[in-house]
Amino acid sequence: MTEATQDLLTERRDGILIITMNRPERRNAMSRPMIFALHETLEAAAKDDSVRAVVLTGAGGAFCAGGDVKLMNEGVGRDTSFYAQRKNLRDRMECSRLLHEMPKPTIAAIEGAAAGAGLALALACDFRVSSDTAKLTTAFVKVALSGDFGGTYFLTQILGTAKAKELYMLSPVLSGKEAERLGLVTLAVDPGQALDEALSLITPLAEGAPLALGRMKANLNLAAGGGSLVEVMDLEADNHQCSTETADHQEAAAAFVEKRKPVFRGA
């Protein structure tokens, strides 16, 4: 069990879990307590049927500046072996996989800086809402690092190899509006409105049929991850047939006939 930390805050609103990275004095740069708590929180959320959707955001007008370069300069963690450091890093990177693979919608609400591993966490989400004036950048090349937290995978999936190489190797700083034009973020909004707009976008999904949404996400992830047409259609057939046998599907069909809003219970 990870010890309590103020570096990560959580709040629940009608089935939506809001996770806030909370080191505003460091633009929410990652600390070990923060990332361990995030990993534990995401693992629990993935298994918790009462959590219908997850919003990831940052405190104090920033999303996440990535790794804490000040701690890097101080040599924190260098007293352990290469293999121990590699394992610790890989374990922390599971946060990105959980955001990407958990069977429920995830969305990043981005204000201010989203850099390095912080940007990778945003890219791992299903959707991204960014303020117009947010600053999104891979940043790794500027500190002589190659990148982590799955950012190279997600950026390549979203924009393609050529644009991913450009954004990693040249490391431009994109505004939220520029990122929206590229298709890197779902929606760019006025400064200070990213969280509210993210909640508006995700609320209908939190009220939707959770089993069907989880299966839909699995289908799309397999297609994006290189699954063949046959593999994707096999999974579609499995997931679609399973969905037809749920109480939620029966409720949706009845609500359609009765001209009312369905109430989904995840069964």
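This note walks through two threonines, one helix, and the cavities and pockets of a predicted model.

1. **Thr41 and its helix.** Start with Thr41. This residue sits in helix α1, which covers residues 32–47. Is Thr41 buried or exposed? Its relative accessibility is 19%. Buried means under 20%, so Thr41 counts as buried.

2. **What Thr41 meets.** Look first within the helix. A polar atom of the Thr41 side chain lies 2.8 Å from the backbone oxygen of Ala37. Now look further along the chain. With neighbours within four places in sequence left aside, Thr41 is in contact with Leu8, Thr10, Leu17 and Ile19.

3. **Thr20, in a strand.** Thr20 belongs to strand β2, residues 16–21. Its relative accessible area is 16%, so Thr20 is buried. Which residues does Thr20 touch, beyond those up to four places away in sequence? They are Asp7, Leu8, Leu9, Thr57, Gly58 and Ala59. Leu8 is thus on the contact list of Thr20 and on that of Thr41.

4. **Checking helix α10.** This helix runs over residues 210–224 and has 15 residues. Try the arithmetic yourself. The expected span is 1.5 Å times one less than the number of residues. That gives 21 Å for α10, and the end C-alpha atoms are 21 Å apart, so the two values agree. Just after α10 comes Gly226, with a positive phi of about 100°.

5. **The buried side of α10.** Which residues of α10 are buried? They are Pro210, Leu213, Gly214, Lys217, Asn219 and Asn221. Their cover includes four helices and a strand: α4 (94–101), α9 (194–206), α11 (229–244) and α12 (247–258), along with β4 (106–110). Keep Lys217 and Asn221 in mind for point 8.

6. **Cavities.** How many cavities of 30 Å³ or more does the structure hold? There are 3. The largest encloses about 50 Å³ of space. Its lining is made up of Leu119, Leu136, Thr137, Thr138, Leu155, Leu167, Pro172, Leu174 and Leu184. By class, 7 of these residues are nonpolar, 2 are polar and none is charged.

7. **The largest pocket.** Its volume is about 1,300 Å³. The lining takes in 42 residues, and Gly67, Asp68, Met72, Leu145 and Asp148 lie nearest the centre. Two or more lining residues come from each of α1, α2 (69–73), α3 (82–92), β5 (113–115) and β7 (135–137). Helix α3 gives the largest share, 6 residues. The lining has 19 nonpolar, 13 polar and 10 charged residues. Helix α1 is also where Thr41 lies.

8. **The second largest pocket.** This one holds about 450 Å³ of space. It is lined by 20 residues, with His100, Asp126, Lys217, Leu220 and Asn221 nearest its centre. The elements that give two or more residues to this lining are α5 (117–124), β6 (127–131), α6 (151–159) and α10. Which element gives the largest share? Helix α10 does, with 7 residues. The classes here are 12 nonpolar, 4 polar and 4 charged. Now return to point 5. Lys217 and Asn221 are among the buried residues of α10, and both are among those nearest the centre of this pocket.

Technical notes:
Residues numbered from 1 in each chain as written. Predicted model: local features only at pLDDT ≥ 70, side-chain atom pairs only at ≥ 80, totals over all residues. Heavy atoms only, no water. Buried < 20%, exposed > 50% of the residue type's maximum accessible area, 1.4 Å probe, protein only. Polar contact = N/O pair within 3.5 Å; in protein donor to acceptor, adjacent residues only side chain to side chain. Contact = heavy atoms within 4.5 Å. 1 Å grid on protein atoms, 1.4 Å probe; cavity = no way out; pocket = protein on both sides within 12 Å on 5 of 7 lines; lining within 4 Å. Points joined across faces, edges and corners; volume = space filled by probe spheres on them. Nonpolar A, V, L, I, M, F, W, Y, C, P; charged D, E, K, R; others polar.
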